[in-house]
Amino acid sequence: MRLIVNSKKALFGLALGLVSLSTFASTESLISKAPEGAEVYFISPQDGETVSKTVTVKFGLKGMGVAPAGIKKEATGHHHLLIDVDKLPDMKQPLPANEHIKHFGGGQTETTITLKPGKHTLQLLLGNYLHIPHDKPIMSKKITVTVKE
């Protein structure tokens, strides 16, 4: 009986490992190529600007088009806003959605955010139809804004 239980655990572990390996392999094939010269940037706010706690952020994109998440079309992507992110996420996996990484999978090109008083960093990162950064990630320069009290 004990041998059967251990065999089942071993088979389960092997199956889990194979699923993980195939997920990694298939994720690699889901990364979109970035067109040469594509850029993402902030229209507003500007680097070093002092803003109120509620600020409108406008996204700029050059050399590509915007398409909602789930729409697979060459040379397109959708915006992700990184707020106060010091360490970038894994660029070969779908970007997580949390308080520091905001998704704009509807194809939005601007948003209004509320920030606490003080200094904050903002950065844009384009994701493909599956929220995965492109091969040669299309990422803006990180900017700093100061939120007034």
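These legends go with a set of close-ups of a predicted model.

**View 1. How confident the prediction is, end to end.** Start with the confidence, since it frames the other panels. Averaged over the chain, pLDDT comes to 86, and 81% of the residues score at least 70. Residues 1-25 are the stretch to watch, with pLDDT below 50. Beyond near neighbours in sequence, that stretch has just 1 contact in the model. As a rule, where pLDDT is low, predicted coordinates should not be read in detail.

**View 2. An open sheet built from S1, S3 and S7.** Here 3 strands line up in the order S1-S3-S7, and their pairing is antiparallel. Strand S1 (39-44) and strand S7 (110-114) sit at the edges, each pairing on one side only. From one strand to the next, the twist averages 35°.

**View 3. Where S1 meets S3.** Zoom in on the sheet and you get strand S3 (residues 54-62) running antiparallel to S1, with 5 bridges joining the two. One pair to pick out is Phe-42 and its bridge partner in S3, Phe-59.

**View 4. A cis peptide bond at Pro-45.** The bond from Ser-44 to Pro-45 is cis, and its omega is near 0°. As for the setting, Pro-45 belongs to the loop that links S1 with strand S2 (50-51).

**View 5. The largest pocket and what lines it.** This pocket has a volume of about 200 Å³. It is lined by 17 residues, and the ones closest to its centre are Ser-32, Lys-72, Lys-73, Glu-74 and Tyr-129. Sorted by class, the lining has 7 nonpolar, 6 polar and 4 charged residues.

**View 6. The second largest pocket, with Asp-84 in its lining.** The volume of this one is about 150 Å³. Among the residues lining the second largest pocket are Ile-83, Asp-84, Glu-99, His-100 and Lys-102, and the list also includes Ile-113, Thr-114, Leu-115, Lys-116 and His-120. By class, that lining splits into 3 nonpolar, 3 polar and 4 charged residues.

**View 7. Asp-84 up close.** What is odd about the backbone at Asp-84? Its phi is positive, about 55°, although Asp-84 is not a glycine. You'll find Asp-84 in the loop between strand S5 (76-83) and strand S6 (101-103). Asp-84 is also one of the residues that line the second largest pocket, shown in the previous panel.

Conventions. Residues are numbered from 1 along each chain as its sequence is written. This is a predicted model: local features need pLDDT of at least 70, side-chain atom pairs count only at pLDDT 80 or more; totals for chains, interfaces and linings use all residues. Side-chain values use heavy atoms; hydrogens and water are left out. On a 1 Å grid over the protein atoms alone, a cavity is a set of points where a 1.4 Å probe fits but cannot get out, and a pocket is an open set with protein on both sides within 12 Å along at least five of seven lines; lining residues have an atom within 4 Å of a point. Grid points are joined across faces, edges and corners, and a volume is the space filled by probe spheres set on the points. Ala, Val, Leu, Ile, Met, Phe, Trp, Tyr, Cys and Pro count as nonpolar, Asp, Glu, Lys and Arg as charged, and the others, Gly among them, as polar. pLDDT is the predictor's confidence in each residue, from 0 to 100. Contact means heavy atoms within 4.5 Å. Two strands pair if DSSP finds at least two bridges between them. Helices (H or I, at least four residues) and strands (E, at least two) are DSSP runs, numbered from the N terminus. Axes are lines fitted to C-alpha atoms, for helices over the stretch in contact, and angles run from 0 to 180 degrees between N-to-C directions.
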